[in-house]
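Me: I have a structure open that I don't know yet. Can we go through its pocket and salt bridges?

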Amino acid sequence: MENKKKFLICIYSSHEDLDLAEIVRKKIHDSSIKNDQKNIIILADPDQPENFRYDDEQDILYVKVKECYTRLSYKTQLMIQGCAKLFDFDFLVKWDASTADISRCYEKEDFVDCDLKQLEGDEFKDKHYYSHLKTKCNGILSKRWFMSYKKQFLEILKNENRDLESENLIPEMIDYYRGKFYIISKEFCSYINDSSECKTIFRESFQHNFGNEDMSVGMCFQKFKEHYDKR
């Protein structure tokens, strides 16, 4: 395990977006946090034998999952598990490579420069889960969003005997941060890695909520808070 860093920045990318991942990486290297961080690129490799493997020459963490939008919950789960086991850090930053392309941002606050400002500030300092990209949703609204914006993946769900019946899984509105950029503490990472409740959340999100990764993390944080408050 390498020396501890304040930030472990996980630049979440597809193979197609590697050029964007390198833009994010350069922004980090040119910033005021360059000495406080280690940044790695997260890529899928469904053919590798182990759940995750780290290429320390390229600083790439490969996770054993098919590269598909509907498998992002599993990709994120494996990313967190791998990072919890392989690296020493205070905060893990999940940062989409797509934030380097303004045309792929939902709004200007998603853009890479806005995200970087969050790490150069200190609002996250005493929090286990933080972003400036806050939102909320329930199962009904999640299904409606998918059918409005990601319907092209519906056939994949049908072919794999998966569904969009997430009303029972997420009956109430939950607060979470959009997957473009969020920060989680090492303690929260460890909880996600160890908790059977979080494993269930990721599994059921895959089966019933199109593999929605950011809502899965938000649901895990609800469980983490319950656990944390009881200590």
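The chat below covers the salt bridges and the largest pocket.

Me: What kind of model is this?
Reply: This is a predicted model, where local features need pLDDT of at least 70, side-chain atom pairs count only at pLDDT 80 or more, and totals for chains, interfaces and linings use all residues. Residues are numbered from 1 along each chain as its sequence is written, and side-chain values use heavy atoms, with hydrogens and water left out.

Me: How many salt bridges does the structure hold?
Reply: There are 16, a salt bridge being a side-chain nitrogen of Lys or Arg within 4 Å of a carboxyl oxygen of Asp or Glu.

Me: Which residue forms a salt bridge with Asp96?
Reply: Lys94 does, with the closest N and O atoms 2.7 Å apart.

Me: Is Lys94 buried or exposed?
Reply: Lys94 is buried, at a relative accessible area of 1%; buried means under 20%, exposed over 50%, partly exposed in between, with a 1.4 Å probe and protein chains only. Asp96 is buried too, at 14%.

Me: And what about Glu213?
Reply: Glu213 also forms a salt bridge with Lys94, the closest N and O atoms being 2.9 Å apart. That pair links helix α8 to strand β5, 119 residues apart.

Me: Switching topic, which residues lie nearest the centre of the largest pocket?
Reply: Tyr69, Leu72, Asp96, Tyr106 and Lys150, out of 38 lining residues. Lining residues have an atom within 4 Å of a point on a 1 Å grid over the protein atoms alone, and a pocket is an open set of points with protein on both sides within 12 Å along at least five of seven lines.

Notes: 1 Å grid on protein atoms, 1.4 Å probe; cavity = no way out; pocket = protein on both sides within 12 Å on 5 of 7 lines; lining within 4 Å. Helix = DSSP H or I, 4+ residues; strand = E, 2+ residues; numbered from the N terminus.
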